[in-house]
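This report describes the fold, the helix packing and a few selected residues of one chain. The sequence and the structure come first.

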Amino acid sequence: MHGSYEKFRREEFIEFWRRHETMQRSLWFLACYLGGMLLFAIPGFLIEKMPWLAVLWFPLFFGYLIFFPLWFMRVRGDKVDKRFLKCPACKSPLMGPGHLVVTTTGKCGTCGEMICE
Ligand SMILES: [Zn+2]
């Protein structure tokens, strides 16, 4: 019905999602991001006394706002084995609760195929 596809090895699948828990990743990201912003808040006070600092501060700050998320996604993204992100049978995404169905039952929550060995 769905043609041939490669099943996941259950342990690999569970390990993958244990390390790449979406919630955990975004919390880490948020913590780093806000931590970095706090560093930029310090010169923010100094700018009131030394306006010339703003010339340096603004490009650096906005550069950080834009490039930190990109950098973070790249660093984390390189380790992501993308085949675990989708059901191999029906290609529906396994993000969110989808992967929990697979880890507990071995089946895809969308198409019901047994996708774990
Ligand atoms: Zn499926």
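Lys91 lies in the loop between α3 and α4, in what is a predicted model. Its phi is positive, at about 65 degrees, although Lys91 is not a glycine. Most residues other than glycine have a negative phi. Lys91 counts as exposed because 12 C-beta neighbours lie inside 10 Å, and a residue with 12 or fewer falls in that class.

**Confidence and overall fold**

The chain has a mean pLDDT of 83, and 89% of its residues reach 70 or more. Within the chain, confidence is highest in helix α4 (residues 98-105), with a mean of 91. Helix α2 (residues 22-49) has the lowest confidence, with a mean of 79. Where pLDDT is low, the predicted coordinates should not be read in detail.

The secondary structure consists of 4 helices and 0 strands, and the pattern along the sequence is α-α-α-α. Of the 117 residues in the chain, 9% count as buried. Among contacts with a separation of 6 or more, 54% are accounted for by residues 24 or more positions apart.

**The nonpolar core and the contact of α1 with α4**

Which residues make up the largest nonpolar core? It has 9 residues in all: Phe8, Phe13, Phe16, Cys87, Ala89, Leu94, Val102, Cys108 and Ile115. In soluble globular proteins, nonpolar side chains tend to be buried together.

Val102 is one of these core residues. Beyond its neighbours within four places in sequence, Val102 is in contact with Phe13, Leu94, Cys108 and Ile115, and also with Lys107 and Cys116. Of these partners, Phe13, Leu94, Cys108 and Ile115 are listed in the core as well.

Helix α1 (residues 10-19) and α4 have axes that come within 10 Å and cross at roughly 145 degrees. The crossing is left-handed. On the α1 side the contact is made by Phe13, Ile14 and Trp17, and on the α4 side by His99, Val102 and Thr103. Sorted by class, this contact has 4 nonpolar, 2 polar and no charged residues. Phe13 and Val102 thus belong both to the helix contact and to the core.

**Pairs distant in sequence**

The table gives C-alpha to C-alpha distances for four pairs of residues.

| Pair | Separation in sequence | C-alpha distance |
|---|---|---|
| Glu117 and Lys7 | 110 residues | 6.1 Å |
| Met73 and Arg25 | 48 residues | 9.8 Å |
| Pro88 and Ile115 | 27 residues | 7.1 Å |
| Trp57 and Phe40 | 17 residues | 8.0 Å |

Glu117 is placed in the segment after α4. Not counting residues up to four places away in sequence, Glu117 touches Lys7, Phe8, Arg9 and Arg10. Is Glu117 buried or exposed? Glu117 counts as exposed because it has 12 C-beta neighbours inside 10 Å.

Pro88, like Lys91, lies in the loop between α3 and α4. With neighbours within four places in sequence left aside, the contacts of Pro88 are Tyr5, Glu6, Lys7 and Ile115. Lys7 is therefore a partner of Pro88 and also of Glu117, under a criterion that places the two C-beta atoms within 7 Å. Pro88 is partly exposed, as 17 other C-beta atoms lie within 10 Å.

**Two residues of helix α3**

Helix α3 spans residues 53-77 and includes Met73. Trp57 lies in α3 too. Met73 is partly exposed because 13 other C-beta atoms lie within 10 Å, whereas a residue needs 20 or more to be buried. Trp57 is also partly exposed, with 16 other C-beta atoms within 10 Å. Leaving aside neighbours within four places in sequence, Trp57 is in contact with Pro43 and Ile47. Both partners fall in the residue range of helix α2 (residues 22-49), the helix where confidence is lowest.

Notes: Residues numbered from 1 in each chain as written. Predicted model: local features only at pLDDT ≥ 70, side-chain atom pairs only at ≥ 80, totals over all residues. Core = buried A, V, L, I, M, F, W, Y, C linked by C-beta atoms within 7 Å. pLDDT = per-residue confidence, 0-100. Helix = DSSP H or I, 4+ residues; strand = E, 2+ residues; numbered from the N terminus. Axes fitted to C-alpha atoms, helices over the stretch in contact; angles between N-to-C directions. Left-handed = near helix turned anticlockwise from the far one by under 90°. Nonpolar A, V, L, I, M, F, W, Y, C, P; charged D, E, K, R; others polar.
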